[in-house]
Amino acid sequence: LPDQHGCGVPHVAKGTAEKARAKIQDNLAEWGALIDEADYIVTSCSSCAFALQKEWGYYMGGELINKVRDKTVHITALIAEKLPELSLKAESLSVAYHTPCHLRQLKDNTSSWKVLSNVEGMKAVSLKNTCCGMAGSWGISAKHYDESVKIANPMIMSLLDSDCTICATYCPTCEMQLKHLSDKLIFNHVELVDKMLSPKGQ
């Protein structure tokens, strides 16, 4: 876990290109030298994965940026690959799944669903709908609150109408919106997998 900085997504969203580029350079200065030694660059945030796989290439070119793009994976891609080796107990969990907008753009964009839908004893329900309405820092602004809630309404209604007690998502701002507008327990997949892992030897 090398020292690191924000991925630059908030700066990209606000159109402050030089600040976004500075974040990229700061990160590469901290851990860029480790890339050749690493099999993967792993993140649990879909927006960060999107930045490293795609947006960094728009702000900086070169071989190092290409290596970052090629080696970056969402953590669920690794979990999905290792599922057969894990001893998971779902205990009849019913979990709704919200797909973050950025996750849909990733090269491994089905891995999160694979994790949820391939655990014995778990009922996974995909909330097939639109954006949660947060849209990163846009939805945090008070002046956008009403519109943000309006955008979120179809997804929130789908969640509230389901019999699921838990909702899983991978975007921190989606998680904020889900917690704000619903009464469900909200987790990311890593937290759920951790809860389902059986003790060694069982």
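**How the labels were earned**

Author: E63 and K67 sit four residues apart in helix 4 (residues 63–71), so about one helical turn separates them. Helices here are DSSP runs of H or I with at least four residues, strands are E runs of at least two, and both are numbered from the N terminus. One warning before we go on: this is a predicted model, where local features need pLDDT of at least 70 and side-chain atom pairs count only at pLDDT 80 or more, while totals for chains, interfaces and linings use all residues. Residues are numbered from 1 along each chain as its sequence is written, and side-chain values use heavy atoms, with hydrogens and water left out.

Reader: Why do E63 and K67 count as a salt bridge?

Author: The rule asks for a side-chain nitrogen of Lys or Arg within 4 Å of a carboxyl oxygen of Asp or Glu. The closest N and O atoms of E63 and K67 are 3.6 Å apart, so the pair passes. That rule gives seven salt bridges.

Reader: What makes R69 and D70 a salt bridge, and what about K82 and E85?

Author: Hold them up to that cut-off again. R69 and D70 come to 2.9 Å between their closest N and O atoms, and K82 and E85 reach 3.9 Å, N to O. Both values fit, so both pairs get the name. There's also a network: salt bridges with shared partners join D36, E63 and K67.

Reader: Are these residues buried or exposed, and how do you know?

Author: Look at relative accessible area: under 20% is buried, over 50% is exposed, and in between is partly exposed (1.4 Å probe, protein chains only). E63 has 59%, so it counts as exposed, and E85 at 60% does too. K67 has 24%, which makes it partly exposed. R69 with 35%, D70 with 48% and K82 with 38% are partly exposed as well.

Reader: What makes W31 and W56 an aromatic pair, and of which kind?

Author: Rings of Phe, Tyr and Trp (its six-membered ring) pair if their centres lie within 6.5 Å; planes under 30 degrees apart are stacked, over 60 edge-to-face, and the rest tilted. W31 and W56 have 6.1 Å centre to centre and 25° between the planes, which makes them stacked. W31 is in helix 2 (residues 17–31) and W56 in helix 3 (residues 46–59), so the pair ties together parts 25 residues apart in sequence. W31 and W56 are both buried.

Reader: How many aromatic pairs does the search find?

Author: Two, from a search of the whole structure. Y97 and W113 also have ring centres 6.1 Å apart and planes at 25°, so this pair is stacked too. Y97 belongs to strand 3 (residues 94–97) and W113 to helix 6 (residues 111–117), 16 residues away in the chain. Y97 has a relative accessible area of 2%, so it is buried, whereas W113 at 30% is partly exposed.

Reader: How do you know which strands pair with strand 3?

Author: Two strands pair if DSSP finds at least two bridges between them. Strand 3 has three bridges to strand 5 (residues 166–168), in the parallel sense, and four to strand 4, also parallel. So both pairings qualify. Among the bridge partners in strand 5 are A168 for Y97 and C167 for A96; A96 also stands opposite V125 in strand 4.

Reader: Why do strand 4 and strand 6 stand at the edges?

Author: The four strands form an open sheet in the order 4-3-5-6, with parallel pairing. Strand 4 (123–126) and strand 6 (185–187) each have a single partner strand, so one side of each lacks a neighbour in the sheet.

Reader: Which way do the side chains of strand 3 point?

Author: S94 and A96 point one way, V95 and Y97 the other, and all are buried. In a regular strand, side chains alternate between the two faces of the sheet.

Reader: What makes the crossover from strand 3 to strand 4 right-handed?

Author: Imagine the strands pointing away from you: if the path from the first strand over the helix to the second runs clockwise, the crossover is right-handed. The chain goes from strand 3 through helix 6 to strand 4, and this β-α-β crossover is right-handed.
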